[in-house]
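Colleague: I'm new to this one and would like a close look at a single part of it. Could you take me through the sheet, and then through whatever sits against it or ties onto its surroundings?

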Amino acid sequence: MRLPNTAHTSRRWRIHELTRDFRLEDVWALPTPGGADDFPRLVELIASSDPSQGSSRAARTLWAIRWKVGELLGWDGPDAGHGSQRPTVRDRLPVDLREAPSGPDFDTLPFTSLYLLDDEWAAEIVNRTVHGVVHIGWVPDGTDGYRGQMAVYVKPEGLLGTAYMAAIAPFRHLIVYPPMIREIGRAWRAPAGDRTPAHAP
C-alpha cells in the first residue's frame with residue numbers, strides 16, 4: 001500500500017541527513033508483520049530479490065526492456081556508478097554510519113548497501129539516468145508488532161534523468177510496485193524451508 005510521504009518524513013531516520021538534495025518519490029507499507037527482532041530477515045529477503053523473475057508478466061517485460069535499453073545506451077556501465085568518479089551517498093556518510101555494518105550485497109540488482117542499523121537499512125544505485133536510494137525501515141504496526149516500510153529517493157541525472165523519471169512514473173506506480181510488494185508479502189509468509197527470494201525494488 002502506498003503511504004503519504006509523512007509516514008516516512010515524520011520518523012527520525014538517519015537517512016534524512018544524507019538525502020537533503022534528493023526527492024522523496026514514494027513511500028510504501030510492506031506486508032511483512034513481525035516482531036522486534038525480525039528486521040534482518042526482511043533485509044536479506046530484499047537483497048536477494050530478482051525482479052526479472054517476478055510473477056507479473058507486465059513487470060517482467062518492463063524490467064527486461066529497461067535492462068536492455070540500459071545495455072544498449074550505456075546507462076549502467078562501470079563508469080556510470082560505484083567505482084566511477086561520480087559522487088555517491090556513501091561518500092557523505094558520517095563516521096558512525098561509515099563504521100556501522102553496511103548491509104548485505106545484492107544478488108542481482110545494481111544497488112550498493114550503505115548502512116544497516118537495528119531498524120533501518122539504506123542502499124543506493126548510481127547510473128546515467130538517476131541517482132537513487134532505497135530505504136527500508138522497521139516500524140511499529142499499532143498492534144504491538146512491526147512491519148517493513150520502504151521509501152524511494154531519486155535525484156535525476158540531467159535532462160535525460162528527468163525525462164526518464166517522468167516517463168516511467170505511471171508504470172512504477174501501476175505495474176511494477178504493487179505486484180512486487182505482494183510478492184514480498186508472499187515470500188515473507190512462506191514456511192522457513194520454502195522461502196524463495198522476493199522480487200523487490
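**The sheet and its surroundings**

Modeller: Let's start in the middle of things: strands β4 and β5 run antiparallel, with 11 bridges joining them. If you want a spot to put your finger on, find G132, which stands opposite V154 in β5. The two strands belong to a hairpin with five residues between them, and in that hairpin G142 takes a positive phi near 85°. Keep in mind as we go that this is a predicted model.

Now step to the other neighbour of β4. Strands β3 and β4 also pair in the antiparallel sense, this time over seven bridges. Here E120 stands opposite G137 in β4. The link from β3 to β4 is a hairpin too, made through three residues.

So how much of β4 is covered up? Of its 11 residues, 10 are buried, so β4 is largely enclosed by the rest of the structure. A residue counts as buried here when its relative accessible area is under 20%.

Let's widen the view to the whole sheet. Five strands make it up, in the order β1-β5-β4-β3-β2, and it is an open sheet with antiparallel pairing. At the edges you'll find β1 (23–29) and β2, each of which pairs on one side only. From one strand to the next, the twist averages 20°. One general point helps when you look at the side chains: in a regular strand they alternate between the two faces of the sheet.

The edge strand β1 deserves a stop of its own. Its partner is β5, and the two pair in the antiparallel sense over six bridges. Look for D26, which stands opposite V152 in β5.

Next, the helices that lie across the strands. Helix α2 lies across β2, β3, β4 and β5, and runs at about 150° to β4. Which residues of α2 are buried? In this helix, which covers residues 39–47, they are F39, L42, V43, L45, I46 and A47. Those buried residues pack against β2 (112–116), β3 (120–126), β4 (130–140) and β5 (146–156), and also against α5 (158–189). Helix α5 has its own place on the sheet: it lies across β1, β4 and β5, running at about 15° to β1.

From here, we can follow the salt bridges, and β5 gives us a way in. The side chains of K155 and D21 meet in a salt bridge, at 2.8 Å from N to O. K155 sits in strand β5 while D21 is in the loop between α1 and β1, so this pair ties together parts that are 134 residues apart in sequence. K155 counts as partly exposed, at 24% relative accessibility. D21 is partly exposed as well, with a relative accessibility of 39%.

D21 also meets the side chain of R92 in a salt bridge, at 2.9 Å from N to O. R92 lies in the loop between α3 (57–73) and α4, and D21 in the loop between α1 and β1, so the pair ties together parts 71 residues apart in sequence. At 34% relative accessibility, R92 is partly exposed.

There's another tie to that α1–β1 loop. The side chains of R14 and D96 form a salt bridge, at 2.7 Å from N to O. Here R14 belongs to the loop between α1 (6–9) and β1, and D96 to helix α4 (residues 95–99), so the pair ties together parts that are 82 residues apart in sequence. R14 counts as partly exposed, at 22% relative accessibility, and D96 is partly exposed too, with a relative accessible area of 41%. E17 joins in as well: R14, E17 and D96 are linked in a network of salt bridges. The structure holds seven salt bridges in total.

Finally, let's put the sheet back into the whole protein. There are five helices and five strands, and along the sequence they follow the pattern α-β-α-α-α-β-β-β-β-α. Among contacts between residues at least 6 apart in sequence, 64% join residues at least 24 apart. Of the protein's 201 residues, 47% count as buried. The accessible surface comes to about 10,100 Å², and 56% of that belongs to carbon and sulfur atoms.

Conventions:
Residues numbered from 1 in each chain as written. Predicted model: local features only at pLDDT ≥ 70, side-chain atom pairs only at ≥ 80, totals over all residues. Heavy atoms only, no water. Buried < 20%, exposed > 50% of the residue type's maximum accessible area, 1.4 Å probe, protein only. Helix = DSSP H or I, 4+ residues; strand = E, 2+ residues; numbered from the N terminus. Contact = heavy atoms within 4.5 Å. Pairing = 2+ DSSP bridges. Axes fitted to C-alpha atoms, helices over the stretch in contact; angles between N-to-C directions. Areas by Shrake-Rupley, 256 points an atom, 1.4 Å probe, with all protein chains shown as cover. Salt bridge = Lys/Arg side-chain N within 4 Å of Asp/Glu carboxyl O.
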